[in-house]
Each structure stands twice: as C-alpha cells, then as structure tokens.
Amino acid sequence: MSDDGHGRETSWFPVPPVSDLSASLQSLCGKAEEQLGFVPNVFRGYAHRPERFSAWFAHYSQLHVPTDNLSAADREMIAVVVSAIHSCTYCLTSHLHALREALGDVVKADLILHNWRHAGLDERELAICRYADKLTREPATISREDLDTLAKVGLSEDEVWDVAELTAMYSFTNRLALAMGFVPNTEYHHLARTAAADAAVS
C-alpha cells in the first residue's frame, strides 16, 4: 500500500516504486512531475498493472487532442460532468484542476462542477454537457437524434464521436478509480487556485 502523506492510502492495491517501472512509464511519470510538480496517484496506482496502464494512457491521450470545435477545455468539461455524476473523488479533483487550467477561469470551472446548467455555457457547450449527462445516466435512451444535436451546434462527425467516446471512457475511468481506491494528490486542490490568486493580486 502507499500513503499520501496525510495518513490516507492512495490505492487499495500494491503501488510499485516508479524506479521499478519500465523506461517508458518512468519517462511518463517524469514528464508529469515536471509539468505538475508531482506524479499523479492514478499513474502510480494503475502501474500495478503496467501494460494496462500503458494502453489506457495511450487511449486517454488520443481522446484529449483538441480539435477545431472541441477544445481541450471542452474535453475536460466532459470529464467533470461525467465524474460528478459518478461522484468519483479522484477524477473530479484532477479534472477540475485541468478544467480550471484549460479555461483560465476558476469560477466557470467550479460552476460547471456544481451545476453545468447554471454555468453560463453557450449553446454548443450546453449540447455537449446534455449529451454527456444523458449517455452517462440513461445510456439505453440514446438515439440518433442525440448525435444530430451535437452536429447541429457545429461539431464534425469525428468530434461527435469523440464526445461519445470521452463520455464512455470517463465512466470506465471513474469506476476503476473508485474500485481501486485511488486518492487524489493533495496538490491538485491548490494549483489553479493559487495561480488565479497570484494573478488577481498582480
């Protein structure tokens, strides 16, 4: 087991030392530490099954490549909407941070977390959130018309696909994080808020 420094296990499964991982996973952890200042606990926890972690991260990375009508912030917004429905502590904490960073707007990110319907979103953003919410809560009720709604607000065919796949992927990730007992790094709670406070003072 691994401790987060506050007396909490970061996973209910054994967490291997970064030094025991393959060169590619050590490099990935190193890049994350360079960018964030720490190695995300999901990396360390999922590395219990290194081949599956590598496959998951490759999929995750593909889905988070921004496109013309589906930005990095839009993709993080989907992660937050889905994770809020599942009450996934790890994913909510980490992706709320990522959403704050991508938007450059702590307030809007927090409003999306608490209730995206009241966050002042535009028509395109609302359509994305409605679709993610419906596919997560009522997958059996999804119809072709739901996809058409996304196309009508300007998303390309591939971007419509990405909204659906991101929504589905985060349902998987939420469930895995909850099942494995992954605990978010405490640093996530301070990063974007600290930057926003510094900007306000300056």
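This is a short tour of a predicted model, with stops at a helix, a group of aromatic rings and the cysteines.

**Helix α1**

Select residues 23-36, which make up helix α1. The helix has 14 residues, and from its first C-alpha to its last it reaches 20 Å, close to the 20 Å expected at 1.5 Å a residue.

Next, show the side chains of L25, L28, C29 and A32, the buried residues of α1. Looking down the axis of α1, you find its buried residues within an arc of 95°, so they line one face of the helix. What do the buried residues of α1 pack against? Add α2 (41-46) and α3 to the selection: these are the elements that the buried residues of α1 pack against.

Turn to the other side of α1, where A23, K31 and E34 are exposed. Then move past the end of the helix to G37, which follows α1 and has a positive phi, near 95°.

**The aromatic rings**

The structure holds 11 aromatic pairs. Start with Y46 and F53, a tilted pair whose centres are 5.7 Å apart and whose planes meet at 45°. Y46 counts as buried, at 11% relative accessibility, and F53 is buried at 0%.

From F53, go on to F57. The ring centres of F53 and F57 lie 6.3 Å apart with 45° between the planes, so this pair too is tilted. Both residues sit in helix α3 (residues 50-63), 4 residues apart, and are therefore separated by about one helical turn. F57 has a relative accessible area of 19% and is buried, because the cut-off for buried is under 20%.

To see how these rings belong together, select F43, Y46, F53, W56, F57 and Y60, which ring pairs link into a cluster.

**The cysteines**

A disulfide is a covalent bond between the sulfur atoms of two cysteines. How many disulfides does a search of the whole structure find? The search finds 0.

Return to C29, on the buried face of α1. C29 is in no disulfide, and the nearest cysteine sulfur, that of C91, is 17 Å away. The relative accessible area of C29 is 2%, so the residue is buried.

Finally, select C88 and C91. Why is there no bond between C88 and C91? The sulfur of C88 has its closest cysteine sulfur in C91, at 3.5 Å, which is too far for a bond, because a disulfide requires the sulfur atoms to be within 2.5 Å. C88 is buried, with a relative accessible area of 0%.

Note on methods
Residues numbered from 1 in each chain as written. Predicted model: local features only at pLDDT ≥ 70, side-chain atom pairs only at ≥ 80, totals over all residues. Heavy atoms only, no water. Phe/Tyr/Trp six-rings, centres within 6.5 Å; stacked < 30°, edge-to-face > 60°. Buried < 20%, exposed > 50% of the residue type's maximum accessible area, 1.4 Å probe, protein only. Helix = DSSP H or I, 4+ residues; strand = E, 2+ residues; numbered from the N terminus. Expected span 1.5 Å × (residues − 1). Arc of directions from axis to C-beta. Contact = heavy atoms within 4.5 Å.
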